[in-house]
Amino acid sequence: MALTFLTTGCWDRVEINNRGFVVGVSVDAQPAKEDEDKSTARSFRICYQIVIPGAQKGGTEGGKASSGYSNLCGEAVSLSAFNQFAADKLSRPPFYDHLKVIIISDRVARVGSGFSDSLDFFLRGTGLRRSIKILVAKGDASQALNSESPNEKLPATDIENISGNRRSLEKPPASHIGYIHERLMNETSFAVQQLETQNKSILVSGSAVFDGRTNREAGTLDARQTAGRNFLLGSKMRGFITFQSDGIRVALDVYEIRSHMRANVRDPEHIVFDVSVHARVSIRETTGAQDLMNTSVMNRIQSDAADEIESMIADAVDKIQHDIRKDALGLGDYLKKNHYHTWKKISNDWDRGKYMLGGCIVKPQVKVSVLQMGIVDKSERG
Amino acid sequence: MKTFEYGDNRIGSREVAMMISSIMIGVGILTLPNQLAKHINSSDGWISIAGAGLIAAACGLVICRLTSRFQGDTFHRYTERITARPVAILVSAVYGVYFLLYLSFAIRSIARISKMYLFDNTPVSFISVAFLLVVVYAVFGTKAALLRLNTMFLPIVLLISVIVMLFAIQLADIGNLKPFLITRPTELLSGTKDATYALLGFEILLFQAPLLRPAVRTEKAMLIGVAIPVVLYLLTYLYSIAIFTREGTAQIIYPTVEIAKEVRVPGQFFERMESVFFTVWIMTIFNSSCMAMEASVSCWRAIFAGLNQRTCIWIMSPVSFTIGMLPQNVSQYNKLGSAVSYIGYGTAAIIPIVLLATARLKGGSRVG
Amino acid sequence: MKEPKAAVQPAELSSSLAENIEQIRSKLGNAADLLVSEHCSKSGVKYAVFCIDGLSNRLIIQEHLLEALIGSESDKAELPVQEIKSTRRLDDAIISILSGDTVVLMEGMSDAWIVGTKTWNSRSVEEPQTEALIRGPRDGFTESFRTNTALIRRRLRDPNLRFESFQLGRRSRTDVSIVYVEGIVNDQLLQEVRRRIHTIDVDDVTGSGFIEQWISDHFLSPFPQIMSTERPDKVTAALMQGKIAIVVDNTPFQLIMPMTIFSFFHSPEDYYQNWTISTVIRVMRFGAAFLATFLPAFYIALLEYHHGMLPSQLAFSIAGSREGVPFPAVVEAFAMEATLELLREAGVRLPKPIGQTIGIVGGLVIGEAAVRAGIVSPIMVIVVAITAISSFSLPSYTFAISLRMIRFLIMLAAALFGLYGIVLSYIVLNIHIANLMSFGIPYATPFAPTFTADWKDLLLRAPFRLLTGRPRMMRTKDKNRMKNK
């Protein structure tokens, strides 16, 4: 035994520069060939973004000679098949511990079980973390890995940072793979950030709504509807909302959203959800020359803001209730937690079957508090 | 130089409490939330854990009574007194086998989990051997030193657990603990059964009688010793549900480690808290293994009177290793674990109760 | 007092002066530095005076002793000296001569007078080299036994301070003294120390190191179970805690026992400074000891096994900087650490001016050059530097050396098993420490076994008002060091 210690090497000793660090993965649908039988397993087009550490520095060499990463793309039936392929192609076998983002094309997400199947590989792997960010791309996902950003060297880091920043209400909070796993297990519907690549630059805005049961994308919410959803759920996102108040346009910086839900379950077919939303804001930009220190002006602004938010929420609820028809608003979840017995009776008919979701009424009551208005009162004279 | 006894080599109640906590906190905590979440809805598992804790405490108190009744005697000797010689030999053999299996299972578990989280290619046998050798080294030393090791490692383990939990607060969503009290009692009972397995180990007190200082109040020490793991398990379970939801926890095989994985310590340096957490966990499993091996050795030595401690260890180690390496796949591994736990119910609960009852019936006089 | 085994029957002095002179001369092999002079007093009595040139104070002999002998008008001269003993035994007389005393023999008397005239050139009391403090006394022990005992006496003017002196070593006859405070120290401990010391029966007791290794409980362990120090204030503080000191001639390093592992983290300076600062610095020392032992091992483990553990940016940047470095991190780590040890050893032997420069040159320039040449990565240099600095910050040199040696073993464990290896080696280290005893006290006291009352002075240093009792773990007879108001 002791001798074997000395003679054999150490099985897991791998030099750090012999690792192929995969920081980003994109999954696209492989377009079916005409003569292909649709019932056979579809394959994916997968891209790995692999870090080239040496080129990261670039300092002593001078200039931006190399890009610091390289994308390996190929077709494979599953993620593990692609892993094998990558190991065949690369001198440094893939290493996933530093994986940051996984981008899945909406074409994969809309049909079959491509979405959850792609995620299985990354949930099961031991070194991977449950905080890898998942995004759904409109159209082709691999383009995102080729984007160029003025700030970041690696597109994957770029996407991760955009996804993680909480400064916009127009996207839902970043969805981690762990979070998605929990939603899939609970069979609740959820929303995932949506990504779009145009001319090599990335835009993350809006949400893709997934059905927790079929694990497929059921629809999308645009920017405004996503904002409404954020307000409804009291999410931790910060951002701006713009609206008209008394002829002028006002932009508010929303600091904090607090949302409190209550449900009246007397009539299971028409459950009433009273949601009180309290938004703390500061005034960030105005057109016109009103005196913000004037109480009535302030009240008007607050009430107009509240109206605007209520309308956003209504917009979101409407889209979900009537178009997407899957509960990504946390309503069912709330019932399960707080009205369990009622929920047990109707859960099978909530967002399918009798479709109780359609019958319920969401009544938002929004209160806006302007905490600050900035340094100046008026910026121009009328 | 001949060693010289200047200090007192007997242990007080604080050491007893620590010893009991150390041996109880073991591999069980890593999987407990997952096992409970499989059948128990929402966060009701806390009832199971609390129930298991009470059962453990009760059995622990029975053991305390036994030990204080026969102060100064080794387990074998007082079992002999209560029953007959052959019965005592049988009983000791049962305990000997039990602790041996406990040790084997611990070795295998450590190797398995290490392989998952720390290694990739290293064969399980080598990981186990390294661990076993360290355990053997510890058991070669004096018994007092073993107990001192408990005192040295337990605070570190508890500290890291507390740190992880503190930082995990931001990850937890209390809402996930709702709804409350929706599980059927039958499920809760089976959950209690699972939880008791994770709480085995306190029967080790049976073997510490000679070491106790006369004034030691074993009952208090036992209760504290049992309370610490129970509280720890409770918190871990609740955290797991809060962070991963019950359905998520039911799918994650080692939720405790995953919590540590998710924890973000400010400062960005430690992205991988779970390695720290896990390496510290190795320490507590090491403690359990040491105590188990030591207890097993003393059982066998009681049966085979002339057996040297060293020889016994040399024999036991390969046996233990072989048993540990027997399971060839996951289900066999689980079967080994079940076997240990079933025998454990016997050793921790049934036998002490029977012994105490027999002792009471035989004659009320306490042996000083 | 043990008799040397060679003695058959203690030889006695005869009453004949000439015979005695002859005997003494021949026993010493007609040594060139043995001065024998014969004198006749006024009253006609013949005296002989023996001394060793270089060991004895010739001034006293010539100005006082000889005057008294020569000018004496009675049968027996009155010697105007303080230190005087008499003996009949030849061996005692010879040993006294060799120790620097003067032996006076009188014709017709078989008793010899031994006059204390010891003096020799020794180093003046100066700051201890290995244990310098910023705020604290700067006197350190010297090679002279009497000076050392005096330094202790000066600090503890307690009548209960006992020095049990005797001589060890058949041929070296080194003066050794067991020092303790009666009424504080535990009697069992004292007896054990006495017993162990008196088992020493060798030719030559070369300094305190020999005694330390002989009487240690576990001589195989890398950890010292007895502390050696050059500072008198350390000794007196230890005596106050109920410990026992051994003062040895011909070495500035005196011994204190029993010791626990925590004592090696304590420095007298902790008591001279404010308690908050001392506490912070003590905690820092524990951190430093941990770094000094484990940091290179962590480097190996993180860079060879657990790449997922590093933050992504750091991982990429390290991977980038290691492009082109030919050796794996393990080899690099071992090579650099070994080089550092070599530099350290070399630095000790170099004369002062060159030593300083080599330190800087070796460290910076060679390291820089190695990095430039691409043999070593810059992170390794940083790791090595931090390790070295951390090990220097420990107050006890012997302890720091032990850690240095252990560091290599842990690096090996890390190279084999990564983080798992580090944990296992940490456990092994703890097992070893748990099994160590120093004169009956487990090495890890008061942490394990636990004496919480002693924790006030362990990791932190509580304000003096709270440090009312002596360490409980020493089981002293007198428990309080402070009178409560």
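**Exercise 1. The interfaces of chain C**

Between chain C and chain A of this predicted model, the count of salt bridges is zero. Work out how many residues each of these two chains gives to the contact, and what area is buried between them; then describe the interface of chain B and chain C in the same terms.

*Solution.* Start with the pair already named, where chain C brings 23 residues to the contact and chain A brings 22 residues. Next, take the area buried between chain C and chain A, which is about 1900 Å², with carbon and sulfur atoms giving 62% of it. Turning to the other pair, 43 residues of chain B are in contact with 46 residues of chain C. The area buried between chain B and chain C is about 3900 Å², and here carbon and sulfur atoms give 69%. Finally, the rule finds zero salt bridges across the interface of chain B and chain C.

**Exercise 2. Two helices of chain C**

Find the angle at which the axes of helix H1 (residues 17–27) and helix H3 (residues 90–99) of chain C cross, and decide which residues make the contact.

*Solution.* First look at the axes, which come within 11 Å of each other and cross at roughly 60 degrees. Because of this angle, H1(C) is oblique to H3(C). The crossing of H1(C) and H3(C) is, in addition, right-handed. On the side of H1(C), the contact is made by C:Gln23, C:Ile24 and C:Lys27, while H3(C) contributes C:Leu90, C:Asp91, C:Ile94 and C:Ile97. Sorted by class, the residues of this contact of H1(C) with H3(C) are four nonpolar, one polar and two charged.

**Exercise 3. Helix pairs in chains A and B**

Describe how helix H3 (residues 79–89) packs with helix H5 (residues 114–124) in chain A, and how helix H10 (residues 255–262) packs with helix H11 (residues 273–303) in chain B.

*Solution.* In chain A, the axes of H3(A) and H5(A) are 9 Å apart, and the two helices pack at an angle of about 60 degrees. The residues that meet are A:Leu79, A:Ser80 and A:Asn83 in H3(A) and A:Ser118, A:Phe121 and A:Phe122 in H5(A). This contact of H3(A) with H5(A) divides into three nonpolar, three polar and no charged residues.

In chain B, H10(B) and H11(B) pack at an angle of about 135 degrees, with their axes 6 Å apart. The two helices H10(B) and H11(B) are therefore oblique to each other. From H10(B), B:Thr256, B:Val257, B:Ala260 and B:Lys261 meet B:Met273, B:Glu274 and B:Phe277 of H11(B). The classes in the contact of H10(B) with H11(B) are four nonpolar, one polar and two charged residues.

**Exercise 4. Backbone details in two loops**

State where C:Pro258 lies and where A:Asn199 has its place, and give the backbone feature of each residue.

*Solution.* Begin with the general expectation that most residues other than glycine have a negative phi, and that most peptide bonds are trans. The peptide bond from C:Met257 to C:Pro258, however, is cis, with omega near -10 degrees. C:Pro258 lies in the loop between strand E10 (254–257) and helix H8 (269–272) of chain C. For the second residue, A:Asn199, phi is positive at about 50 degrees, although this residue is not a glycine. A:Asn199 is placed in the loop between strand E8 (190–198) and strand E9 (201–211) of chain A.

Terms used. Residues numbered from 1 in each chain as written. Chains lettered and ligands numbered in written order. Predicted model: local features only at pLDDT ≥ 70, side-chain atom pairs only at ≥ 80, totals over all residues. Heavy atoms only, no water. Axes fitted to C-alpha atoms, helices over the stretch in contact; angles between N-to-C directions. Helix = DSSP H or I, 4+ residues; strand = E, 2+ residues; numbered from the N terminus. Parallel < 35°, antiparallel > 145°, perpendicular 65-115°, else oblique. Left-handed = near helix turned anticlockwise from the far one by under 90°. Contact = heavy atoms within 4.5 Å. Nonpolar A, V, L, I, M, F, W, Y, C, P; charged D, E, K, R; others polar. Buried area = accessible area lost by both parts, 1.4 Å probe. Salt bridge = Lys/Arg side-chain N within 4 Å of Asp/Glu carboxyl O.
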